[in-house]
Amino acid sequence: MAADQADLDASIETLKSEVVSLNQELFELEEQLLYPATTEFAVFVSMAAVDDFAVSAIKLTLDDQDVTSYLYSAQQVEALRRGGIQKIYISNLKPGLHKLTAEILGKDTDGRSLKRTVVADFGKARSSKYLEIKITNNEKQNRPDFAIVEWK
Amino acid sequence: MRWFLLIAFAISPSVLAEDLLPEQYRAGGQDALYGQALFSLHSGEYQKALGLNQALQKRRHKNTPLLKIQQATAQLGLGMSQQAKKHYKKLLTAKSSKLISHGTRAQAWFYLAKHFYNKGMWSTALQAIHQVKGGHLNPQLKDEFHFIAATLELFQGKAKQADKHILAISPQSMWAAYAFLNLAVSYTERDVHINQVDAVFEKAKMLTKYTQHPESLEDKINLMAGQFFFATGRGRSAIKHLKEVSLDGAFTSKALLTYGWALTEQWQYHDALQPWYMLKTNHSPLNQDVQETLIAIPHLLEKLNAKVMALGAFDYAGEQYEMIYKQLEESAKRLNTGEFIEPLLAQQIPDKWGAFAAIDLSLPNHPDRIYLKDVMSKSYFQGELKNLRDLHVMRSQLNSGIEQLAAFEKVQITRRDEYQQVKNDKRINLTSRQLLKLNKRYKTLRATVDKAFKNPSGVGLASEFEKNQLASFKQLNTDFKALDENGHYLQRLRRVEGVLKWALSQRYYERKKEVSKNLAILDGKIKQTRRQLKAAKLAFRSTPKSFNGFDKKVARLRTKYQQQLKRLDIVYQKQREKVGGIVKLDIKKRQKVVMDYQLQARLAAARLFDETSNKHRVVAGAEVRQ
């Protein structure tokens, strides 16, 4: 009876592992199919070593059109602080010149609200384009810095 | 031991809410996949994290030992503790893990111990906690580490080691209250003087202010203290603690029941009725404390010598037990017909699964909601139901995956059609022909225009009559020169000629303006046609063949999904039977208890009926005799 129980538990765990693996395969297939390398455009968010700022929301505007906005939980802010990168937006984009605007809302350690807007003009060729919204710590001025950087 | 179990499960929700992972920062600047895996893991999306982790391991990412730890952590998060345990043990004891820092190692062992502690695997948890080197542990986790270590040592009966850990916990930490509660409970098992036990319970109560839910914990401590003092025959102390339990908390029913018994033990029968009536009227009869009260009330009435009332109460209790028994039987039937567990699973949030995702037990307007709440307080059932919920969620994920694959197939077909359409398009030929025609027309027109507008005097635009007039003017000019010595005729001729030339030049400018406009329109048309031709040519050249190669991938994945679904259905049925078996057994146990109560109530009712009838007979006999 106990052995049956253990077998069932093991089968459930194996199933879980296989389902996770299958879903990952499906996710990869979806990205390849829906966002081909020639048109793929993605925006990431990272926050390195910033202790006195917690991001609460980010709104993205691409070529003067609102494309996405995201609200962060405390756990997700912590995940960013601990080195995580979030893929906030993915889509297909045609070649040419484009403009990305990121509106970042957050709070500092004293609870004061902070709102910053960063803009990036970039060119898109017939290949993937990745941009990263970077929140870093400006040690000299003791405040957070915001920038959009292009991945080479 | 049952005390310890109570405490361990009482704190488990707050323990589960914590993140499991060691402090580990992303090394590469733009290592997107690794960064995303870290983000998912730290933000509690274990399924995504595990999937990305598997992808990283396939690509042989450089941080292999760390990836393995992260994999084990995500597995723990998804309730795959056996696989996680294997990974952790292999990793943390392997030589290859030298790369892992002491801090990370300590934290990994700590989280492993914590997980086994939550799962109720005490000895394995103790083995793991012994591996934690406290000096290397993150200061924020030290109090929790000492708490878990102390509790585990207490489970093993090693009081001295436990005491050391308890003393190491900071009093301002939320863990201090739980630790002192555990200490108090251990004192009750160790025959420590009652005053000391009471003092530790009081200390635990004082420290509840640093916890997340101080009122609830204080209620729990009061109930535990009350139950302990009642069990050891110290009714007054029990009453003191039980009176402090709030009347609208999770522990109210148990506290009211014990409070009544403690008062009964103190011969305060009248006072004891009050909490029991309160319990009976405010809670469902399916609550086991209410069931006990149903028989306890007439028992108390009998003690108060209110035998007729007691007889009525016993009869009422008997009827109630009959009803409860039937309700439990109906619950068992609903379990077989899929009206109990299935509605519960259907209302779970899709994609929320794993060890940390709580089950929504609300079941509004369902006849089994009270029973479910009661049975769910048992942790072993929670674990099994979570496994069933996970399988249910996975099944819906697999089904939605198959639907998604069907949608992908449609996308492919659409793209193939689009491609074929572009390739078969005759637009290029048509546009080329149109462009040629336009160019030809433009050239002819240009030549005519150039010829007409060559002379700005407008002679090119003169009509035949006007041309004849101009020629005759020339002739007349020569003739007049020979005849007219004074030049009168010549002057008049020049005036007439001037009028005609003026009209011609005016016409020239107007026509030129008009023709330029028309030419510009034609030019624009030509340019547009050229652009169209260029675009059509580009589209033809660059039509994406992005549907290529996906046919096989989609088909292969669909087969995998279908096979997995079949396997999952088999396991799901087994787990469903297991959960059903647990509930059936529980229902049977409850029915047995109810039957026992009913038997007692009926026997007592019969006895009382007999006694009260005899009394009537005795009284009646005495009256006759008088």
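Which residue takes a positive phi just after helix 17 of chain B?

## Helix 17 of chain B

Gly338(B) takes a positive phi of about 75 degrees just after helix 17 of chain B, helices being DSSP runs of H or I of at least four residues and strands runs of E of at least two, both numbered from the N terminus. Helix 17 comprises residues 307-337, and its end C-alpha atoms lie 45 Å apart, which agrees with the 45 Å that its 31 residues should span at 1.5 Å a residue, the expected span being 1.5 Å times one less than the number of residues.

## Basis of the model

This is a predicted model, in which local features need pLDDT of at least 70 and side-chain atom pairs count only at pLDDT 80 or more, while totals for chains, interfaces and linings use all residues. Residues are numbered from 1 along each chain as its sequence is written, and chains are lettered from A and ligands numbered from 1 in the order in which they are written.

## Chain A

Chain A contains two helices and eight strands, arranged along the sequence as α-β-β-β-α-β-β-β-β-β. The C-alpha trace of chain A spans about 65 × 45 × 25 Å along its principal axes. Its radius of gyration is 20 Å, whereas a compact globule of 152 residues would have one near 15 Å (taken over C-alpha atoms, with a globule rule of 2.2 Å times the number of residues to the power 0.38).

## Gln127 of chain B

Gln127(B) belongs to helix 7 (residues 122-130) of chain B, and its C-alpha lies 9.5 Å from that of Trp109(B), 18 residues away in sequence.
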